[in-house]
Amino acid sequence: MADTNDIKTFIEPYLVPDGSKELNENLRSMAASFAVTDDKIREIIVGLHESMKTGLDHDDDNALPMIPTFVRGRPTGKEKGTYLALDLGGTNLRVCQVTLNGDTTYSLVQQKFTITQEAKESRLWDFIAECVGVFLEEHGLRPAPGKRTIPCGYTFSFPIFQTSISSGNLSMWNKSFTVPNSVGRDVVNLTQSAFQRHHVPVEVVAVLNDTVGTLMTSGYSHPDTQMGIIFGTGTNAAYWENMENIHKWKGEDRTGEMVVNLEWGAFDNATRVLPYTMHDNKLNRKSPNHGLQVFEKMISGLFLGEVARNAILSLVDQRLIFQGRSSEILNKSYTFDTAYMSEIVADDSDDLHVVKTVLESTLDIPPTTLTDRQVVKSVCDMIGTRGVRLSAAAMSAVLLARPELMKSDVSVGIDGSMYQFYPNFEQDLYKVSRVFLGEDFVDNRLKLHLAKDGSGVGAAIVAMTVDRDRSH
């Protein structure tokens, strides 16, 4: 077993046998800058715990937001019923009808609507109401006998400040949305008013973030779920916390548990503990949210390829690979997709022909040598390894925040493209976290599950828990 506390473990594998001394010296210092040793992870876990504690105590710009979600009932997997879910993302609106079967299984009927430019700029709320109207009509859905509306859960993938289980004020738009007269207002109210204008018999009973949905979806199928995580285009997590630890909670009832949304992409924006390199800084200074979501930019699919592109071009600029040449494609930001990294890292052929295809056919780089391709694979691998080790560090920190639960079985529901498609991502999460959570716990009690479609099914499950608690 390689010693993951020795910096050499994160350097030696990336050196190129036939590379020049200058090339290998550059790879050595690059690998060292991306390295995340076990001691570094311990430091990050301490930093995360301090930030979580501060964020639970009071709102602080320098700490994690630790947003109370008002979701308090763990699903048991025995609940039954049919609920609606809306999932508003950056590109699509999904409308789902979710049927919970009462035996930890569920079925789903859904329709995707591409959000038009006009909706992103002005008439979003009416657009949502029209889509829901179409869905109800096409599937012949109407309120249950004696009810005036159909209960609905609403996954809203934009930053909101939640004020109750069914209300939240929009903090800001991102993902190129610019709908006027919305920031600072309650998104449920804006949506509900549009439903009324369009005579859509639906009532939003819960608004939630997609990580909460992932947690609840996993929780319906695996009632011992303690955490929901997205490792995808972006990254975030939510977990069950004891009410008595949420000191900033102003409500009356302080018993039991509540789901807290960490918004962990914002961890360590000041880069005190994270292994931040010049290649991260280049990405950060050119990004619209400069200086924010620094952790997310190191581990999520939207950004990993861009960090790798910056690192590859730094070697091109020193004329250490590709004879100092690049291509128009590679010179443009965000053209080196993280999916290419996955293909490159998984290429074990002698001549690295997959790497060759990506570089020469997809990215239009002039003919490459085997050394060029080995270097590109090394760069992708060191950045991907840093990503998965930081991901495992964050997951471990949150599980360690509730040590009393680690005596029993614990499930973690995970969704997202990095978890699903990046080579060995799940295996590496287990492997890295064993060092910090203990071999006995990881090998015998920790279960990671793909919680697909948390933002649809999870929203319906939260709607179910609200509906269940209202009728008691």
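The exercises below, each with a worked solution, concern a predicted model.

**Exercise 1. Determine which strands pair with β12, and describe how the residues of β12 are placed.**

Solution. Begin with the strand itself, which spans residues 410-415 and is mostly covered, since 6 of its 6 residues are buried. Buried here stands for under 20% relative accessible area. Next, sort the residues by direction: Val-410, Val-412 and Ile-414 point one way from β12, while Ser-411, Gly-413 and Asp-415 point the other way, and both sets are buried. This can be set beside a general rule. In a regular strand, side chains alternate between the two faces of the sheet.

Then look for the neighbours. Strand β9, residues 225-231, runs parallel to β12 and is joined to it by 5 bridges; within this pairing, Met-227 stands opposite Val-412. Strand β13, residues 446-450, also pairs with β12 in the parallel sense, over 5 bridges, and here Val-410 has Leu-446 as its bridge partner. The partners of β12 therefore include β9 and β13, given that a pairing requires at least two bridges.

**Exercise 2. Describe how helix α4 begins, which of its residues are buried, and what covers them.**

Solution. Start at the beginning of the helix, where a side-chain oxygen of Asp-186 comes to within 3.0 Å of the backbone nitrogen of Val-188. Continue along α4, residues 187-197, in which the buried positions are Val-187, Val-188, Leu-190, Thr-191, Gln-192, Ala-194 and Phe-195. Val-188 thus appears twice, as the residue whose backbone nitrogen Asp-186 approaches and as one of the buried residues.

Now ask what lies over these residues: the cover includes the strands β2 (80-88), β5 (150-156), β6, β7 and β8 (202-208), together with the helix α3 (117-138). Finally, inspect the far end, where α4 is followed by His-199, a residue with a positive phi near 55°.

**Exercise 3. Work out how β6 and β7, two of the elements covering α4, are arranged relative to each other.**

Solution. First, note the direction: β6 (residues 160-164) and β7 (residues 167-170) run antiparallel and are joined by 4 bridges. Second, consider the connection, in which 2 residues lie between the strands, and the two form a hairpin. Third, fix the register with one pair, Phe-161 standing opposite Asn-169 in β7.

**Exercise 4. Describe the lining of the largest cavity and that of the second largest pocket, and find residues named in both.**

Solution. Take the cavity first. A search of the whole structure finds 1 cavity of 30 Å³ or more, and the space in the largest cavity is about 30 Å³. Its lining consists of Phe-10, Tyr-14, Ala-31, Phe-34, Ala-35, Met-382, Thr-385 and Arg-386, which divide into 6 nonpolar, 1 polar and 1 charged. Helices α1 (21-34) and α12 each supply at least two of these residues, and the largest share, 3 residues, comes from α12.

Turn then to the second largest pocket, which holds about 740 Å³ of space. Its lining has 28 residues, with Thr-4, Phe-10, Thr-385, Asp-428 and Lys-431 lying nearest the centre. The elements giving two or more residues to this lining are α12 (370-400) and α14 (425-437), and α12 gives the most, with 8 residues. By character, the lining divides into 12 nonpolar, 7 polar and 9 charged residues.

As a last step, put the names side by side: Phe-10 and Thr-385 line the largest cavity, and Phe-10 and Thr-385 are also among the residues nearest the centre of the second largest pocket.

How values were computed
Residues are numbered from 1 along each chain as its sequence is written. This is a predicted model: local features need pLDDT of at least 70, side-chain atom pairs count only at pLDDT 80 or more; totals for chains, interfaces and linings use all residues. Side-chain values use heavy atoms; hydrogens and water are left out. On a 1 Å grid over the protein atoms alone, a cavity is a set of points where a 1.4 Å probe fits but cannot get out, and a pocket is an open set with protein on both sides within 12 Å along at least five of seven lines; lining residues have an atom within 4 Å of a point. Grid points are joined across faces, edges and corners, and a volume is the space filled by probe spheres set on the points. Ala, Val, Leu, Ile, Met, Phe, Trp, Tyr, Cys and Pro count as nonpolar, Asp, Glu, Lys and Arg as charged, and the others, Gly among them, as polar. Buried means under 20% relative accessible area, exposed over 50%, partly exposed in between (1.4 Å probe, protein chains only). Contact means heavy atoms within 4.5 Å. A polar contact is a pair of N or O atoms within 3.5 Å; within protein, one must be able to donate a hydrogen and the other to accept it, and residues adjacent in sequence count only if both atoms are side-chain atoms.
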